[in-house]
Amino acid sequence: MQTESVEQIPRLQDYGTREPLAPVEKTNWVENASLFWDSRRLFARVAGTVFVLSILVALLLPKEYVSGARIMPPEQGGNTAAMLAALVGKSSAGGLAGLAGSLLGAKNNGALFVALLHSGTVSGHLIDRFELQRVYHKRYREDTARRLSHLTKITEDPKSGVITIAVTDKTRERARDLAQGYLDELNNLVAKVNTSSAHREREFIEQRLKTVQAELQRAQLELSDFSSKNTTIDIKEQTRATVDAGAKLEGQLIAGKSEIDSLRQIYGNQNVRVRAAEARNANLQRELQRANGQGSTDPDGADIDASHPYPALRQLPQLGVRWANLYRNVSIQETVFDLLSEEYETARIEEVKSIPTVSVIDVPGLPERKSGPHRTLIVLISTLLSAVMTAVFLLARRSWLEMDDEDARRVLATRIAITIRDRWRRSSV
């Protein structure tokens with residue numbers, strides 16, 4: 001036992017003083033460098049082949065152009081808060097304005113606009129408008145929308161809130177038109193989904209205005225029919241005119257009777273002048289009866305009232321009540337219609353103000369230079385990757401050859417390769 005321990009002591013000291021790690025690392029580095037140097041022709045062939053192929057592929061890739069636009073989302077909430085404050089009154093205007101501003105969102109709503117630009121409605125309209133399924137050679141609309149989303153970059157500056165839209169396409173014109181199409185569809189979508197209070201108010205006033213207009217037309221028609229049948233234009237003026245005419249007729253009739261009495265005393269009853277005066281008095285009497293609405297008849301038996309162009313004095317009170325009701329109804333409907341018309345115009349203006357409109361900073365332009373592909377970069381990266389892959393292949397092959405046949409890793413890899421080869425042969429047969 002002592003002999004074995006004595007023999008082991010020098011060995012431990014030898015291991016502590018030899019430091020074998022550095023020579024091993026140096027040997028591995030040298031072996032790898034020797035392997036790569038011996039296979040330099042393989043590196044050259046692979047790199048040259050990949051270099052030529054990458055040049056061909058880069059030349060065959062279609063050019064790409066980018067057209068962009070920059071927009072600034074509008075501010076919302078100020079006008080509506082001010083209107084609410086004005087309705088409530090000056091005493092509570094400050095608190096209500098602050099509450100309305102916080103509820104309606106007085107800050108920049110750029111995130112909402114970015115979400116709308118990424119919505120399926122916008123992409124669907126653009127797919128139909130530019131026939132992108134045929135352009136992108138896609139069978140399904142969802143694949144086309146995914147391709148359009150991949151070619152479109154929408155970003156928002158967190159500080160300024162400016163939204164940038166950049167669309168990539170194979171042609172200059174379509175890239176510009178797609179970028180402009182995003183702006184058009186965004187405006188249409190914002191106007192379509194607007195649910196502000198001004199919009200709802202405008203719709204309500206519009207419906208109410210149509211109802212009041214129909215009622216006004218019906219009231220005017222009823223008043224017109226009543227006035228036409230009863231010859232009533234203005235009851236107050238007609239009553240005043242009828243009373244004045246009746247007073248004049250009565251005065252003329254009294255004067256005529258006095259004249260007849262005097263003529264009878266002078267000339268007798270059978271005198272021509274007496275009969276003429278009596279005839280005039282008879283006409284005045286009929287006119288007075290007609291004005292008073294008395295149902296007298298003329299010598300031919302015709303009804304006097306039927307031939308009179310205006311209603312009789314006795315009919316005016318009854319006609320006046322009905323005419324006044326119809327006229328009042330027309331006046332009420334006209335007043336309501338005028339008020340609603342003014343409110344409708346105001347609501348339309350407020351609705352237009354409340355609809356967020358896109359403020360375009362930079363309009364989409366026709367790109368002058370291509371944005372891709374970067375052919376030089378493609379060739380360089382492909383050649384570099386070919387060299388790296390060749391080095392990995394050489395190291396892997398050397399490790400494979402250095403393995404023992406009984407190595408578990410070699411056995412497992414061999415079994416997997418045999419299984420894959422057998423299944424491939426079966427499937428090919």
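In which helix do Glu 345 and Arg 348 lie, and how many residues apart are they? In this predicted model, both residues belong to helix α15, which spans residues 316–354. Their positions are 3 residues apart, about one turn of the helix. The side chains of Glu 345 and Arg 348 form a salt bridge, with an N to O distance of 3.9 Å. Glu 345 is partly exposed, its relative accessible area being 42%, and Arg 348 is likewise partly exposed, at 41%.

The search of the whole structure yielded 10 salt bridges, including two that involve residues of helix α7. In one of these, Asp 128 pairs with Arg 141 at 2.7 Å, N to O. Asp 128 is located in helix α7 (residues 120–130) and Arg 141 in helix α9 (residues 141–151), and the contact therefore ties together parts that are 13 residues apart in sequence. Asp 128 counts as partly exposed, with a relative accessibility of 48%; for Arg 141, also partly exposed, the relative accessible area is 37%.

A further salt bridge joins Arg 129 to Asp 184, whose closest N and O atoms are 3.5 Å apart. Because Arg 129 lies in helix α7 and Asp 184 in helix α10 (residues 172–192), this pair links parts that are 55 residues apart in sequence. Arg 129 has a relative accessible area of 44% and is partly exposed. Asp 184, at 25%, is partly exposed as well, since the buried class is confined to values under 20%.

Key
Residues are numbered from 1 along each chain as its sequence is written. This is a predicted model: local features need pLDDT of at least 70, side-chain atom pairs count only at pLDDT 80 or more; totals for chains, interfaces and linings use all residues. Side-chain values use heavy atoms; hydrogens and water are left out. A salt bridge is a side-chain nitrogen of Lys or Arg within 4 Å of a carboxyl oxygen of Asp or Glu. Helices (H or I, at least four residues) and strands (E, at least two) are DSSP runs, numbered from the N terminus. Buried means under 20% relative accessible area, exposed over 50%, partly exposed in between (1.4 Å probe, protein chains only).
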